[in-house]
Amino acid sequence: AEGLADPELSAANRTYLARNRRGWLERFRVTDDAIVYQPEWIYNAYFQYLYTKEFPKENARRSFEWLLLQALPDGGPLRYNHPAQGSLAGIAYLGAILFQDPRYVWLAGRSVEALERKGGYLFAQPGVEAPIPLEGRSPTEGSCLIYGDSGLPNQRGPLAPDKIIFRDGWGEDAAYLLINLRFTGWHRYKATGTVTLVYQGGVLSADVLDGKPFPW
């Protein structure tokens, strides 16, 4: 885009992208099982859509629904299998724009409120440069079993049971329980059936996810 690359490398990159189709053209979620990576994966899928002009709507819809179905009722940041955590405000608003879905306006608003309570901040979000004239509406989805892609980035696998979410509503004080069924991939994760998070107005019980540098 900026004309900074060696023309030969640019041509090689374009050939590679044409040969290795990724993003929404292939699946609906990142194959690494850490929730913090899903918004990043959606950014990449969105950029590839802008590049190819191809928009596989069903995979795109599911990629945002993956986040919505796991979202905490008070808009707080969710994390598992990685010490980092991030707000869903920006990515939810992108979902509202792409699908004209009021649930994502609601989730973006609730997530911003959670950030404000903790003095947090948001990074710039690609694709949300203009406001959307849509009034938010609370999700109504209840407890559910969600299926996700298995396999590796270059080796597609079948859909498989991935998470169980128990919730008793979407009010800020609603109870929430997340059970992780997944154990495939290239990282070493918790055992299948692990209770990953118990939440009600804040974390009651969660995975220990502290990072520390190795001395070397």
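# A guided reading of the predicted chain

The chain has five helices and five strands, and in this predicted model the order of the elements from the N terminus on is α-α-α-α-α-β-β-β-β-β. Taken along the principal axes, the box that the C-alpha atoms fill is roughly 55 × 45 × 40 Å. The radius of gyration of the chain is 18 Å, which agrees with the value near 17 Å that a compact globule would have with 216 residues. Of those 216 residues, 39% are buried. Among the contacts in the chain with a separation of 6 or more, 63% are between residues 24 or more positions apart.

The interior can be entered by way of the largest nonpolar core, which has 37 residues and in which W24, I42, F64 and Y176 are those with the most contacts inside it. Two or more residues are given to this core by each of the helices α2, α3, α4 and α5 and by each of the strands β3 (176-180) and β4 (194-199). The largest share, six residues, comes from α3. What does W24 contact, once its neighbours within four places in sequence are left aside? The partners of W24 are W41, I42, A45, Y46, Y49, F55, P56, N59, A60, S63, F64 and L98, and two of these, I42 and F64, are themselves named with W24 among the residues with the most contacts inside the core.

Helix α4 is mostly covered, with eight of its eleven residues buried. The buried residues are A89, G90, I91, A92, L94, G95, A96 and F99, and what covers them includes α2, α3 and α5. Just after α4, Q100 takes a positive phi of about 50°.

Helix α5, which spans residues 102-117 and holds R103, offers two residues for closer reading. R103 counts as buried because its relative accessibility is 12%, a value under the 20% cut-off. Apart from its neighbours within four places in sequence, R103 is in contact with L68, R137, P139 and E141. G109 also lies in helix α5, but a relative accessible area of 31% means that G109 is partly exposed. Between G109 and A92 there are 9.0 Å in space, C-alpha to C-alpha, and the two are 17 residues apart in sequence; A92 is one of the buried residues of α4.

The backbone calls for attention in two of the loops. Most residues other than glycine have a negative phi. K53, although not a glycine, has a positive phi of about 65°, and its place is in the loop between α2 and α3. N81, in the loop between α3 and α4, is likewise a residue other than glycine with a positive phi, in this case near 60°. Are K53 and N81 buried or exposed? K53 counts as exposed because its relative accessibility is 66%, whereas N81 is buried, with a relative accessible area of 15%.

The empty space remains to be considered. Rolling a probe the size of a water molecule over the atoms shows where such space is left. The largest pocket has a volume of about 560 Å³, and its lining is made up of 28 residues, of which Q85, G86, S87, L88 and F123 lie nearest its centre. The elements that give two or more residues to this lining are α2 (37-52), α3 (57-70), α4 (89-99) and α5, and these four helices are also among the elements that give two or more residues to the largest nonpolar core. By class, the lining of the largest pocket divides into 17 nonpolar, nine polar and two charged residues.

Enclosed space is found as well: how many cavities of 30 Å³ or more are there? The count comes to three, and the largest cavity has a volume of about 40 Å³. The residues that line the largest cavity are R29, V30, D32, D33, A34, I35, Q38, W66 and Y80. In this lining five residues are nonpolar, one is polar and three are charged.

Notes:
Residues are numbered from 1 along each chain as its sequence is written. This is a predicted model: local features need pLDDT of at least 70, side-chain atom pairs count only at pLDDT 80 or more; totals for chains, interfaces and linings use all residues. Side-chain values use heavy atoms; hydrogens and water are left out. On a 1 Å grid over the protein atoms alone, a cavity is a set of points where a 1.4 Å probe fits but cannot get out, and a pocket is an open set with protein on both sides within 12 Å along at least five of seven lines; lining residues have an atom within 4 Å of a point. Grid points are joined across faces, edges and corners, and a volume is the space filled by probe spheres set on the points. Ala, Val, Leu, Ile, Met, Phe, Trp, Tyr, Cys and Pro count as nonpolar, Asp, Glu, Lys and Arg as charged, and the others, Gly among them, as polar. Buried means under 20% relative accessible area, exposed over 50%, partly exposed in between (1.4 Å probe, protein chains only). Contact means heavy atoms within 4.5 Å. A nonpolar core is a set of buried Ala, Val, Leu, Ile, Met, Phe, Trp, Tyr and Cys residues joined through side-chain atoms within 4.5 Å. The radius of gyration is taken over C-alpha atoms; the globule rule is 2.2 Å times the number of residues to the power 0.38.
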